[in-house]
Structures are given as C-alpha cells and as structure tokens.
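Reader: I have a model on screen and want to learn how to read it. Where do we begin?

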Amino acid sequence: MKTFRIDQRPRRNRQTASIRSMVRENRLHPSDFILPLFVVDGQEKQIPIESMPDCFRLSPDLVIKECQKAYQLGIPAVALFPSLPASLKDKAASESINPEGLLQRTISQIKSKVPEITVITDVAMDPYSIDGHDGLVQDSVILNDETLEILVNMAVSQAAAGADIIAPSDMMDARVGAIRQGLDQHDYTHVGILAYSAKYASAFYGPFRDALNSEPRSGDKKTYQMDPANRREAIREILLDVDQGADMVMVKPAIIYLDVIAEIKSKINVPVAAYNVSGEYAMIKSAAKLGWLDGQAAMVEMLTAIKRSGADIILTYFAKEMAELC
Ligand code: PBG
C-alpha cells in the first residue's frame, strides 16, 4: 500500500458513539415541539385521517387526554385546528366567533384541565368558510382589508376562550398589527402572536386539507401565500410582522425551506418557528409503511435538520413520537 501523508483526520471525532455525542452540534429536546391537533365535535371520537397515518381528528375529551400525554412528555404547546361540518360553514366564517363554538369550548376545557400547556390557535377563515379560502371571497377575489376585521374578531374570541398564543396563518397584509390592536383593546395584552409570516403556496398542505375538508372550492391560494421561488420576499414578510408586533415568526413548510429558515434566523431577534407540514409528515409515514425508508431514522434526521437550520420551535405531527425518543 502506498502511504500518503495525512495531516487532518476529522474521522477521529466520529469514531465512537460517546465521542460523537460530545461533538454533536444540535440536539432535539421535547421542549422544541408544538403538537398540532385536529378537533371534531362529539365524545370519545377518534377519526383516522387517511393521508396522515397515526393522526386523528379527536373530540374535545380526547384532546384533553392528548394534551396531558404531550405535557407529560415535555411538549410545551399544542396548536388546535377545528374540523367543522359543512352546515356550520358560510362565506363570512361566522362560526369562528361563536363563544360556544367547538374551538372555544375545547380551548376552555384544556385551560381548566391541563392549565400548564400552552394553547395556540390558528387565525384564518378556511376551516369555517364555504369557499375554503383564508380570506373573504367576492367574485373570485380574496379581499384583504375586509378580511382583517373578521380575523381580529376571531383572534379576540379565541383569546376570550383562553388561548395563550394566536397564530394568524391567513397571509393577509397588515393582519398582525390589526390583531395586536384588537387584542390590546380587549385587554389581552398578555396574549402572544405567533405569525405564519413566510407561508408558501405549497403542495405539501394536501393531507391537512383532507383532515379539515378545507380545500379551496375554486382557485388556489397563490394571491396570498408566497411563491416557492422567493427568498427575499420572506425576509420582507418577516420584518413586517415583527414590526407589527409578532412575538414569534414562522416559516412554513419546513424541510423544503431550510434556506429560508437559516436566513431569517440570521436577520431577526425573535424566536423562529418552522412548520413541518402534513405533506412532509405523510411522505415519511407512507414510505415507511411501504418499507422503503426507516421511518424513525428519517424522522429524527428530518427534525434534526430543521433544528440545525436555525428553527427554535418546530410544529410537527411527529412531536409525541420524537419526544418519546429524546
Ligand atoms: C390554514 C392552514 C393550513 C395549514 C395550517 N393552517 C392549510 C392551508 O393554508 O391551506 C397547513 C398545515 C399542514 O399542512 O400541516 N390557514
């Protein structure tokens, strides 16, 4: 064998599991995660979501149990998404401000039974809208300014029910400032805002829309959600939201936008969340089911990559499964 002079041997730092653990740069911890939960009305209901294996639409009593389990695992927060029957949907998303609505009842039950867990609620019209859009639709146009009041009322109603953090996911212009004003005027100055600031018009939301039956009835979301080709625009959106009072910002989806997460992290000083969305979850779960991937190893690698990119908080349907391994 011919011998070569070798000065640098990075493999020394990889030779045993204990050395690798010493030099590991990023570690996942249960407190990194937010668990998204789908809520359906009723009692003891656990309805599977076909395109999201191991995820369910849960009735409020089972949501409570899920919150207890999550909190015991060290997961600090849940994000709630109500799944409503078509009979409760209309053009103006009126059900979203019903103080006795499914979401409001679920929030207050969680707050009374599992008060330690942080409850995050989504602000957007789509789960309540017959048009399946995040804003008000008139003649196929999504109206920005007319939507703001609806979003503000929705946020105030969620805060009144006990939500700790309001998460606008609608991508209307100026909604973060409007919601902040609305919350403050109603004395909810302590309620935070996690803004879905850089939310892309992504094909990876498909399984989520199956779960809520919230697919847009016509058109797509490209006039408000961002073009996947753009990165500078994400910075613009994030800076606007921080300026309007966002306490935390989000990039969504996560694994196919790691460059955006890294760039945002270097530019701002509020916590950065990343949403590991339904399609990203479904890809791994389905490949694992077919035996094409080691599902657990792929999950750990994917979530670690999101953290490595700079995310402080990760919303993921894997939260419980991952927290059990941490
Ligand atoms: C709705 C909303 C969506 C998601 C979170 N909030 C879907 C959409 O914008 O169409 C997607 C989450 C996921 O895919 O896991 N405003």
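Author: Begin with one term. A polar contact is a pair of N or O atoms within 3.5 Å. Keep in mind that this model is predicted.

Reader: Which ligand atom does the polar side-chain atom of S278 lie 2.7 Å from?

Author: An oxygen atom of the ligand. R209 also offers a side-chain N or O atom, 2.7 Å from a ligand oxygen. For D134, the partner is a ligand nitrogen, at 3.1 Å.

Reader: How much of the ligand does the protein bury?

Author: The protein buries 100% of the 410 Å² that the ligand exposes when taken alone. The ligand sits in the largest cavity.

Reader: Which residues come nearest to the ligand?

Author: There are 18 residues around the ligand, and K199, R209, K252, S278 and Y317 come nearest. Sort the shell by class: eight residues are nonpolar, three polar and seven charged.

Reader: Now the cysteines. How many disulfides does the structure hold?

Author: A disulfide needs two cysteine sulfur atoms within 2.5 Å. The structure holds zero.

Reader: Why is there no bond between C55 and C67?

Author: Because their sulfurs are 14 Å apart, too far for a bond. C67 has the closest cysteine sulfur to that of C55. C326 is in no disulfide either; its nearest cysteine sulfur, that of C55, is 17 Å away.

Reader: Is C55 buried or exposed?

Author: Buried means under 20% relative accessible area. C55 has 11%, so it counts as buried. C326, at 43%, is partly exposed.

Key:
Residues are numbered from 1 along each chain as its sequence is written. This is a predicted model: local features need pLDDT of at least 70, side-chain atom pairs count only at pLDDT 80 or more; totals for chains, interfaces and linings use all residues. Side-chain values use heavy atoms; hydrogens and water are left out. A residue is near a molecule or strand if one of its heavy atoms lies within 4 Å of it. A polar contact is a pair of N or O atoms within 3.5 Å; within protein, one must be able to donate a hydrogen and the other to accept it, and residues adjacent in sequence count only if both atoms are side-chain atoms. Accessible areas come from the Shrake-Rupley method with a 1.4 Å probe; for residues, only the protein chains shown count as cover. On a 1 Å grid over the protein atoms alone, a cavity is a set of points where a 1.4 Å probe fits but cannot get out, and a pocket is an open set with protein on both sides within 12 Å along at least five of seven lines; lining residues have an atom within 4 Å of a point. A molecule sits in a cavity or pocket if more than half of its atoms lie within 2 Å of its grid points. Ala, Val, Leu, Ile, Met, Phe, Trp, Tyr, Cys and Pro count as nonpolar, Asp, Glu, Lys and Arg as charged, and the others, Gly among them, as polar. Buried means under 20% relative accessible area, exposed over 50%, partly exposed in between (1.4 Å probe, protein chains only).
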